Amino acid sequence: MSDNTFAKDIHKGLSAPLKYISSKYFYDDIGSGIFQDIMNMPEYYPTACEFEILSLQGQQIIDKLDFAQPFNIVEFGAGDGIKTRQLLRTLVESGVEFSYVPIDISKKAIEELEANMLDHLPDLQIKPMIGNYFSMIEELASSETPSLFLFLGGNIGNYEKDEVNDLLKSFNSSMKPGDKLLTGFDLQKNPATIRFAYDDPKGITKAFNMNLLHRINRELGGNILTNQFDFYSHYNPMNGEVRSYLVSLVAQKIHLQRMDKCYYFEQNELIRTELSRKYTLKEIEEAAKINGYKVLEHFLDCKHYFTDSLWVK
Ligand code: AVI
């Protein structure tokens, strides 16, 4: 992603009547480090839940695939790959013939992932692809080899409803009949559990959000006084949405040197930063149906907090 896209998106978001910054901008090097800290927090349960599913139910997931060998396991946005590694280990140890194809836009992320996977699983066949999901998935669709696509980590929760449908439809249009999709969905549960996961007592999630302002200062020559902003996050159990915001504590003007532009804030004005939607199993089944998939099975953790849901085209 070029700096120019960042500058344009920030300008657009801070000029909108309801200001926003896309959550994709959380993940610069510093933000990715803070996200690792979030995944290690006791309050942030999704990581441990999905780790449990992929460690303990790998064999059941594989049995459900019903693929001729060899096949591909294609992963969108693999991150550090620790959870995926649990599933891959089960496959390697049972002598299944498959290739692991992680896709990421960042060359650095892919190279690190490849080295790390091979450190732990030296017999793994890994064929990394650098680029955007859709062009890569089309390339894979032209081969005869069946594929399981992985979209893990609950990342789907960060998309608005219409974006979710667009994404699932685009995946579907590039999949072959019989290809499978395994998607991680965080489930609705006791609202207090969700609230703590997104507003932790140590302020790590706050730092994750504040890094957006630091990033604007670093990359766009901003003069933002970050202590003039606070973080606010809210879970609405009526619709399953966690919405996160930055709040301007005072009426203020910020200047971004890179674009030579000023942006004005009223006291208590919000910047929307993130949606983290929590699903019910019924909503997941509806999403599968309207986007051209059949649900094969929901693989749940023991607390029923999270599911990796396996669908077939
Ligand atoms: C990456 N994504 C699934 C995380 C989530 O739970 O929405 C990002 C996150 N935001 C705050 N904490 C974690």
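User: What makes helix 6 a helix that lies across strand 2 and strand 3?

Analyst: This is a predicted model, and in it helix 6 (residues 107–120) lies across strand 2 (98–104) and strand 3. Contact means heavy atoms within 4.5 Å, so that is the cut-off behind such a statement. Helix 6 runs at about 150 degrees to strand 2.

User: Why is strand 3 called an edge strand?

Analyst: Look at the order of the open sheet of 7 strands: 3-2-1-4-5-12-11. Strand 3 (129–130) and strand 11 (294–300) each pair on one side only, so they are the edge strands.

User: How do you know that strand 11 and strand 12 pair?

Analyst: Two strands pair if there are at least two bridges between them. Strand 11 and strand 12 (residues 306–312) have 6 bridges, so they pair, in the antiparallel sense. As one example, His298 has Ser309 in strand 12 as its bridge partner.

User: What makes the approach of Asn158 to the ligand a polar contact?

Analyst: The cut-off is 3.5 Å between N or O atoms. A polar side-chain atom of Asn158 lies 2.9 Å from a ligand oxygen atom, so this pair qualifies. Ser276 passes the test too, because its polar side-chain atom is 2.7 Å from an oxygen atom of the ligand. For Glu274, a side-chain N or O atom is 2.8 Å from a nitrogen atom of the ligand, so that pair also counts.

User: How much of the ligand does the protein bury?

Analyst: Taken alone, the ligand exposes 340 Å², and the protein buries 96% of that.

Key: Residues numbered from 1 in each chain as written. Predicted model: local features only at pLDDT ≥ 70, side-chain atom pairs only at ≥ 80, totals over all residues. Heavy atoms only, no water. Polar contact = N/O pair within 3.5 Å; in protein donor to acceptor, adjacent residues only side chain to side chain. Areas by Shrake-Rupley, 256 points an atom, 1.4 Å probe, with all protein chains shown as cover. Helix = DSSP H or I, 4+ residues; strand = E, 2+ residues; numbered from the N terminus. Axes fitted to C-alpha atoms, helices over the stretch in contact; angles between N-to-C directions.
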